[in-house]
Amino acid sequence: MADLVLRGVTKAFGAATVLDGVDLAVADGELVVLVGPSGCGKSTLLRLVAGLDELTRGEILIGGRRVEALPPQERGVAMMFQSYALYPHMSVRDSMAFGLSVARYDRAAIRARVEQAARLLQIAPLLGRKPGELSGGQRQRVALGRAIVRDPAVFLLDEPLSNLDAALRARTRLELARLHRTLNATTLYVTHDQLEAMTLAERLVVLREGRIEQVGAPLEVYRRPRNAFVAGFLGSPTMNFIGARVAVAGPCEVACLLPDGVRLRAGANGAALRAGDPVTLGIRPEHLRLADDADARIRGPVAVVERSGDACYAYLEVAGARDGLLVARLDPDSRIRPGDRLSLAAPLGAVHVFDADGVACPPAEAA
Amino acid sequence: MTRAVGPATLRARRARAAWWLLAPTLAALALAAGWPLARTLWLSLTDATLADPGDFAFVGLANYLEHDAGQWYGVLADPQWWRAVRNTLIFAVASVALETVLGVAIALALDVPFRGRALVRAAVLVPWAVPTVVSAKLWAWMLNDEFGVLNHAALALGLIAAPIAWTADPDLALVAVIVVDVWKSTPFVVLLVLAALQMLPGECYEAARVDGVHPVRVFFRVTLPLIWPALAVAIAFRALDALRVFDLVYVLTANSASTMSISVYARQQLIDFQDLGFGSAASTLVFLTIGLAAIVYLRLARLRPEEVR
């Protein structure tokens, strides 16, 4: 095992810069998840670390050793591909052993390692089968097994769960988390699924258009997004955004005027803001609650009600909200119906303030 | 109660429709292949001649092999037949082997993206598109000992001291025929292999790269097994074509004994010697040889007939 360090990693295809000066350090044994919308460069970053593509600029260090000029096999990485990349004509055993047979292991050692990995992943009974005879979940395990047998310094996983159905994905996610606790391998994990990223990551990296938007522990990033993009990317349903103007701004609190004239207070440090500045307020659906008319801040008619069983999502028509709708996660038993007029409120600390450039105001200073 | 005949009648109706759809093809096959084959088989058991095909007597297997007055007669007793068998086998094995190796190599090269690839791909197909008689004649002129461009170039470069009679020299004629066939038929193998290569899963190759598997090993362990079904079909087509080779040999070297294939032998007996019975026996043997080769090959290549499309 070893740590992985990226310094100023830049990749351009012709005139298009896909990655722009990415700095990242993954500690020995750490699982870091790269998450971002499609086209953000996350898969390219993985391929650069694997050695499948060449860097335009920057450095990659694995265990303190510069590897960007080395061919893939000399980097000590194992990669698991989104499509699994299993050899269609080879048995599971041969597929897993194929990469080992070049690494100067003798037959007995290869056999032992394949069987050990197969036991760990509970695929021992499948060793004689070919990919065509496996289910999607089994193929996923075989692909993982092929990475594990190589005992690499760094694991690279490219969307490992995206080809599974929802139920299997949730189960496999748990297994991956458990597997990581067993192996304690340095892992770079790419996904576009924010739920996967939130639940699996020890540290989360949000990528957009080739740049790192934020790095941190998943909850920290979720609770304190550095900008509106990160705030909107994590969480489902996504955070509500409402356009507003600053009324009064101070280091402990920002008071804003919504388009309909309602005054909404946010617990943020607005020292950099001035009265009249346009801002965007962000409130997560789970932080909105039904309120008395007296202390309610947001009012509107219900357009749609979605019931997921564990919650009731009410979509309100609110002036200034993105797409004209604002969603609140309410009690699953609430009797709200479309057409009802609701009054909602949110705790001070749950209202995020983003300036005109989408950058979040820092947390409020203690009064 | 409904009677349980629904699915059965439906199946019967579908089977009937299928037979109707097959009927024209079956009729055409019976007329174009079945009838001539049956007639050839029958004629091979007679002493008919081309001059008067109506006047013949049944002679049993005498055209194939007969012992008479201490002498063996018939196609199977003719040293020239066995010479033709030998020529045909050498031609088939050598040309198909060369076409396979070259075809795969060229297909691998054309599978890599480069500028002007579409143009090169189209150009590669030209020899295959030219009718065999035309390309044979073309090569006959290029190989001509007096006016041929090959001798001219080789002489100018000082590679040879005197013109070589490529197609007349018994030692070189078969080689010349093989070379021309390789030139003409390699594109066919390229075409089929290239189509197979483009179906290969790209990420498998990246996985092999990350694992550090040597490209040669990747070719033999991954690429070759995956393109084998297509390659086997290409080899089957080429082998069967090569075993019944006629036009190329006939145009390049006519009835020369040093290159005569079994098809050329059968034609010579039938047309030149006017011996309809004996020629039909030779033709039947050509048919049996190729049929046997096809069965043996399909077994060896482990291709089931439904995979040969």
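How much area do chain B and chain A bury between them? I would like to begin there, and I should say at once that what we are looking at is a predicted model. In this model the two chains bury about 1,800 Å² between them, and carbon and sulfur atoms account for 62% of that area. If you wonder why I give an area here, the size of an interface is often expressed as the accessible area lost when the parts come together.

As for who takes part, chain B brings 17 residues to the contact, while chain A brings 26 residues. On the chain B side, the residues that lose the most area to chain A are B:Glu203, B:Val210 and B:Asp211, and together they make up 35% of what that side buries.

Let me now turn to chain B as a whole. Chain B contains 12 helices and two strands, and if you follow the sequence from its start, the pattern is one helix, then the two strands, and then helices to the end. For a compact globule of 309 residues we would expect a radius of gyration near 19 Å, whereas chain B has 25 Å. The box filled by its C-alpha atoms, taken along the principal axes, is roughly 95 × 75 × 35 Å. Of the 309 residues in chain B, 37% are buried, and the chain exposes about 17,800 Å², of which carbon and sulfur atoms supply 70%.

Two further values describe how chain B is put together. Among its contacts with a separation of 6 or more, 63% are between residues 24 or more positions apart. Chain B also carries 23 positive and 22 negative charges, and the mean positions of these two groups lie 18 Å apart.

For a single residue in chain B, please find B:Leu157, which sits in the loop between helix H6, residues 149-156, and helix H7, residues 170-197. Is B:Leu157 buried or exposed? Its relative accessibility is 67%, and because exposed means over 50%, B:Leu157 counts as exposed. Between the C-alpha atoms of B:Leu157 and B:Leu110, which are 47 residues apart along the chain, the separation is 31 Å.

Chain A offers some examples of the opposite kind. A:Glu159 is in the loop between strand S7, residues 154-158, and helix H5, residues 166-183, yet its relative accessibility is 7%, so A:Glu159 counts as buried. Leaving aside neighbours within four places in sequence, A:Glu159 touches A:Lys42, A:Gln82, A:Val190, A:Thr191 and A:His192.

One of those partners, A:Lys42, leads us to helix H1 of chain A, residues 42-50. Seven of the nine residues of this helix are buried, and therefore H1 is largely enclosed by the rest of the structure; among the buried ones are A:Lys42, A:Leu45 and A:Val49. Just after H1(A) comes A:Gly51, and its phi is positive, near 95 degrees.

My last stop is A:Ala314, in strand S17 of chain A, which covers residues 312-317. With a relative accessibility of 0%, A:Ala314 counts as buried. Again leaving aside neighbours within four places in sequence, the residues in contact with A:Ala314 are A:Val304, A:Leu326, A:Val327, A:Ala328, A:Leu330 and A:Leu342. Finally, A:Pro338 is 24 residues away from A:Ala314 in sequence, and the distance between them in space is 8.4 Å, C-alpha to C-alpha.

Notes. Residues numbered from 1 in each chain as written. Chains lettered and ligands numbered in written order. Predicted model: local features only at pLDDT ≥ 70, side-chain atom pairs only at ≥ 80, totals over all residues. Heavy atoms only, no water. Helix = DSSP H or I, 4+ residues; strand = E, 2+ residues; numbered from the N terminus. Rg over C-alpha atoms; globule rule 2.2 N^0.38 Å. Buried < 20%, exposed > 50% of the residue type's maximum accessible area, 1.4 Å probe, protein only. Contact = heavy atoms within 4.5 Å. Areas by Shrake-Rupley, 256 points an atom, 1.4 Å probe, with all protein chains shown as cover. Lys, Arg positive; Asp, Glu negative; His and termini not counted. Charge placed at Lys NZ, Arg CZ, Asp CG, Glu CD. Buried area = accessible area lost by both parts, 1.4 Å probe.
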